[in-house]
Amino acid sequence: LDTGEGDQKFLERVMALDPQNPQVHFRLAELYQERGQYVQADREYQQAIDAQPDFVAAYIGQGNAAMAMQLYGRAIDRYQEALRLQPGSRTVELKLAEAYVRDEQYDKAEPLLQDILKAQPSNTTALMLMGDLLLAQGDAEGAIERYQAAFRSNPTSEVQLKLARAYLEAGQLDEARKTYEDLVRRFPYRGEAYLGLGDVYRAQGNPERALKQYHEALRRTYDVAKKEDIAERILELDPNDITTRFKLASYYREQYKYDAAIRQYQEILAQDPDNVDALIGLGDCYVPKTKYDTALDYYQKALARLDSPERKLMVYDKIVSCEEQRAGPQGTLSQAGLEALWQRALIYHDRGEDAKAKADLQRIYDINPSFHADELVPLLTELGGEVQTPSETTESSEAEEAQTSPETTQPAGSEGTAPPSQ
């Protein structure tokens, strides 16, 4: 089967006709792998293995998926199984060696890499992995030698970055600076080059130039964990940089590190006690921690400092969402939630967004008709909402009362059940 992008439905149709076809499961797994859906990929690889237990490529695919998820123990197991089925495969040996290195099992990685390099002295991947191993063990000089050999064989930015880092770890600051500067010239989009150059300037005792490079690195980095690392370095050198502290808090929140984000917002408030965005950020952190009272308190503090109706509207949105989460799908909105709906409706009305205002007012009325009744009912009526008249209210109450009242005894001879005999 030769499938391109978007062929998932085709594969699923083939699978419906032939559910035990290992090639179909394998191709679907490869499709998931390309999309970064590693759990689904692993599942389909396993289906392929179940149908064909000696399917080497499926074991390798499972190992690759595990590596992408940083499940190195799982990757080692899968590569070992592939190597058992295909002994002597340099491709699988390299993958197994990398898994050992990433899992810090250096005693198992080293002999495997030595065997590969003995047979293939210029194998770039093996040289790089040996460099990684030596650098992790504190042998920066040995790592430099391996990286230099790898760079001569294959002068990529990845190898050069590793070489520059080894120079830095070895204390060869001039060589590290020259290598990083060359990287910046050759690959100006690589944030790691600016980060490394910043580390060199920092090691040389030049925090101003280090900060400049760190900011350049942050601009060119997209992975949130890496952005977190860069922002932390910036704040180590410039703790009063509130802009970067906000960015760091957002990186933490993106990774569900709410306590770390809270510390950043609190530090901002220590420097600027009336910072509304920090107050809102704290509320946003406490909602997913299900500390709704604390979140509400911070949102209300933010509201007290706001004049802009647009910004107030945004905070009222957050309060409504907070109280909805507190109530759950079957619960009733709290007084704080109703008040936020009311204030939001008033802003909508002032802005001429009457459909939105009507929706909020109707929601309030349906939950609690007496809430701000003197103002709610006239405004809701004006906007065309559904409001019960006094007679409708009386009839509704009487109907409910009749439904809930106990059965009364009917006179003898009337329709219905006769009274019990005395």
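## Tyr-189 and its ring partner

Let's start with Tyr-189: with a relative accessibility of 52%, this residue counts as exposed, because the cut-off for exposed is over 50%. Keep in mind that the whole model is predicted.

The structure holds 6 aromatic pairs. In one of them, the ring centres of Phe-187 and Tyr-189 sit 6.2 Å apart with the planes at 85°, so this pair is edge-to-face. Phe-187 has a relative accessibility of 15% and counts as buried.

## More rings

Now for a stacked pair: Tyr-286 and Tyr-298 are 5.9 Å apart centre to centre, with 10° between the planes. Tyr-286 belongs to helix α17 and Tyr-298 to helix α18 (residues 292-304), so the pair ties together parts that are 12 residues apart in sequence. Are these two tyrosines buried or exposed? Both Tyr-286 and Tyr-298 turn out to be buried.

Rings can also gather in a group: Phe-26, Tyr-45 and Phe-55 make up one aromatic cluster. And a ring can have a charged neighbour, as with Tyr-194, where Arg-220 lies over the face at 4.3 Å from the ring centre.

## Salt bridges between helices

How many salt bridges does a search of the whole structure find? The count comes to 36 salt bridges. Take Arg-102 and Asp-132, whose side chains meet in one of these at 3.2 Å, N to O. Arg-102 is in helix α6 (residues 90-102) while Asp-132 is in helix α8 (residues 124-136), so the pair ties together parts that are 30 residues apart in sequence. Arg-102 is partly exposed at 31% relative accessibility, whereas Asp-132, at 10%, is buried.

Another bridge links Arg-311 to Asp-277, with the closest N and O atoms 2.6 Å apart. Here Arg-311 sits in helix α19 (residues 309-327) and Asp-277 in helix α17 (residues 276-286), so this pair ties together parts that are 34 residues apart in sequence. Arg-311 is partly exposed, with a relative accessible area of 30%, and Asp-277 is partly exposed too, at 39% relative accessibility. Back to Arg-102 and Asp-132: salt bridges with shared partners join them with Glu-98 and Lys-162 into one network.

## A bridge within one helix

Arg-185 and Asp-182 form a salt bridge as well, with their closest N and O atoms 3.8 Å apart. Both residues lie in helix α11 (residues 173-186), 3 residues apart, which is about one turn of the helix. Arg-185 is exposed at 60% relative accessibility, while Asp-182 is partly exposed at 25%.

Methods. Residues numbered from 1 in each chain as written. Predicted model: local features only at pLDDT ≥ 70, side-chain atom pairs only at ≥ 80, totals over all residues. Heavy atoms only, no water. Salt bridge = Lys/Arg side-chain N within 4 Å of Asp/Glu carboxyl O. Helix = DSSP H or I, 4+ residues; strand = E, 2+ residues; numbered from the N terminus. Buried < 20%, exposed > 50% of the residue type's maximum accessible area, 1.4 Å probe, protein only. Phe/Tyr/Trp six-rings, centres within 6.5 Å; stacked < 30°, edge-to-face > 60°. Lys NZ or Arg CZ within 6 Å of the ring centre and 35° of its normal.
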